[in-house]
Amino acid sequence: MDQELRDERNRRWDEPFGKEPLDRETVDRVLALPAFADVNPADFPSWLPVASVIANDGRIRTFQKGETVLRKGDYGSSLFIILSGSVFGLTASAPTAGSGRKQQKSWRRSLAQLFARKRPPEYRPARRRSRRPSSAAASINEGTRANTVEAALRVDADELIAKHETFLLEAPQMFGELAALTRSPRRATIYALEDETVLFELRWQGLREIRDWSDGFRKQIDQLYHERGLLTRLQECPVFAHVDSTALAEIAEEALFETYGNFNWTHRFKTEISKEDGAQHIIQQEPMICEQGSHVDGLLLINSGFARVSERIDHGDRTIGHLSKNDVFGLDAIAAFARDKVSPVLDTSLRAIGYVDVIRIPTHLVQKHVLPGLDPSFLRQGRPDDRDGTRGELRQGMMDFLVDHRFINGEEAMLINLERCVGCDDCVRACATAHDNNPRFVRQGSRFENAMIASACMHCTDPVCLIGCPTGAIHRAEDSGTVVIDDNTCIGCATCANSCPYSNIRMVEIRDENGQFVTDREGQPISRATKCDLCADQLTGPACVQSCPHDALARVNMRDTERLLEWLK
């Protein structure tokens with residue numbers, strides 16, 4: 001095939017966020033907003049001018065009254081700034097039409113793929129880069145498409161405001177930055193309050209670039225994060241469910257944000273875990289948050305990330321639990337002090353697993369507002385039941401295995417029961433059939449007793465593979481949170497593959513229909529990142545699970561230790 005019909009190597013801004021890059025007049029208008037008042041273009045390198053970031057990573061969107069801007073529960077990857085008009089937010093659940101889910105294959109297409117002609121490994125269809133339409137044509141096409149889609153998502157704004165508690169946002173306010181920064185679900189549904197409400201939307205990659213190079217912008221975003229996110233976070237946490245709004249506001253006023261560990265912890269972890277007996281030394285590499293025997297200095301709420309709870313045994317430490325989002329540490333000691341007036345000393349240690357955000361709440365506020373009326377079940381959390389015989393040893397061993405290898409990050413890990421698996425490879429063949437004869441996992445991995453964690457994407461709670469991607473090719477699906485890769489915007493830089501702590505992302509050299517490697521104009525092979533996508537477009541779900549004839553394979557949340565033990569038993 002003519003090389004001109006083949007794709008060139010994808011680049012950073014081959015696919016702008018909008019239909020086409022924003023024009024200079026619009027970019028200047030955006031940079032004049034209060035949100036960017038502290039952004040100095042001179043702070044940016046010559047190869048990454050801030051104007052180009054705004055032009056390519058931003059887009060302008062227009063909404064009519066009642067149209068849905070974003071939905072509560074969807075995974076956020078962008079922030080919004082109101083240019084004109086206003087929006088209103090709804091934190092409670094409310095009906096929103098339209099699902100936004102990725103279209104699944106029909107039964108006919110699902111059956112057809114079983115008998116499809118076998119294609120070369122990692123085949124990619126040829127496509128010609130289309131010329132961009134003129135600005136006028138692009139606006140018309142984009143407007144027509146947007147109106148068709150958003151019309152299905154329109155609600156009666158006046159009725160919602162009358163029935164529910166809402167909040168108002170007006171130009172030039174910003175919203176959506178919390179979910180974009182933390183790669184977490186949206187915490188509210190936002191609707192347009194007026195016709196012709198115009199918003200500037202900046203995707204995560206642009207937000208990251210501006211935040212990295214502009215100290216003033218970073219401080220502003222972080223301040224918004226602290227102001228808007230804290231009270232909402234406290235309301236979401238079960239341990240504060242009985243605390244009224246006035247008391248929560250007092251707690252939020254005095255609470256402190258703390259961070260421990262390294263945001264890019266994966267590289268050091270992969271080096272350490274690859275060493276002989278590396279898992280035994282991992283705990284010594286984890287930053288100490290609170291040490292056993294120290295004085296209690298407030299209640300710690302895990303805001304994001306993971307932490308290890310351990311206790312000293314002889315000359316070492318034993319893992320007795322792990323904490324994640326919404327879990328608390330130090331509550332037992334504070335409760336004992338309030339009850340018995342004994343010195344509030346910790347009987348366990350807390351360490352950061354990779355990177356963790358913590359909210360510290362002063363002890364006197366916990367005693368005043370949290371302990372009265374607290375459900376007793378919240379006390380002694382994180383400490384396992386008394387161990388007895390083999391069952392206790394297995395639980396302890398499994399805990400060490402999952403925490404040391406950071407598998408607790410996995411929400412859809414591929415777990416194989418080696419006592420049931422007969423090595424038939426039906427799971428591998430099913431995966432290949434579902435992905436054009438290219439299996440997306442390797443039936444090998446780390447083992448403990450009769451359990452093996454196969455080398456397949458775990459669709460992590462905190463997918464660190466997303467952090468460095470320059471184009472956003474690897475991202476969360478908004479509705480399901482599944483981590484997927486857009487082949488059209490992957491530039492083959494291997495950042496995600498190098499960042500994955502579990503080496504579950506592979507770089508593959510793509511081929512044409514003749515089985516020949518596709519090359520760029522310099523003759524170098526073109527690579528793409530590839531991994532398990534959890535069979536997002538399959539009617540039956542993950543093909544590997546459905547095809548196993550011996551129930552030897554499951555996709556599981558690795559923090560549910562008891563369920564893992566029951567299934568393995």
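Leaving aside its neighbours within four places in sequence, which residues is L234 in contact with? Select L234 and look around it. This is a predicted model. Beyond those sequence neighbours, L234 is in contact with F240, L248, I251, A252, L301 and I361.

**The largest nonpolar core**

Keep L234 selected and add F240, I289, L331, L350 and I361. These six residues have the most contacts inside the largest nonpolar core. That core has 42 residues.

**Another core**

Now select F401, L415, F448 and A554. They are among the 36 residues of another core, which lies apart from the largest one.

**Helices α1 and α2**

Go to residues 24–31 for helix α1, then add residues 50–57 for helix α2. The two pack at an angle of about 105°, and their axes are 10 Å apart. Angles of 65 to 115 degrees count as roughly perpendicular, so α1 is roughly perpendicular to α2. Show the side chains where they meet. From α1, the contact uses R24, V27, V30 and L31. From α2, it uses V50, A51, I54 and A55. Colour this contact by class: seven residues are nonpolar, none is polar and one is charged.

**Strands β20 and β21**

Select residues 506–509, strand β20. Add residues 527–530, strand β21. The two strands run antiparallel, joined by four bridges. Pick M507 to find one bridge partner in β21: A529.

Stay on β21 and check its faces. Are they buried or exposed? Both are covered. S527 and A529 are buried on one side, and R528 and T530 are buried on the other.

Methods. Residues numbered from 1 in each chain as written. Predicted model: local features only at pLDDT ≥ 70, side-chain atom pairs only at ≥ 80, totals over all residues. Heavy atoms only, no water. Core = buried A, V, L, I, M, F, W, Y, C linked by side-chain atoms within 4.5 Å. Buried < 20%, exposed > 50% of the residue type's maximum accessible area, 1.4 Å probe, protein only. Contact = heavy atoms within 4.5 Å. Pairing = 2+ DSSP bridges. Axes fitted to C-alpha atoms, helices over the stretch in contact; angles between N-to-C directions. Parallel < 35°, antiparallel > 145°, perpendicular 65-115°, else oblique. Nonpolar A, V, L, I, M, F, W, Y, C, P; charged D, E, K, R; others polar.
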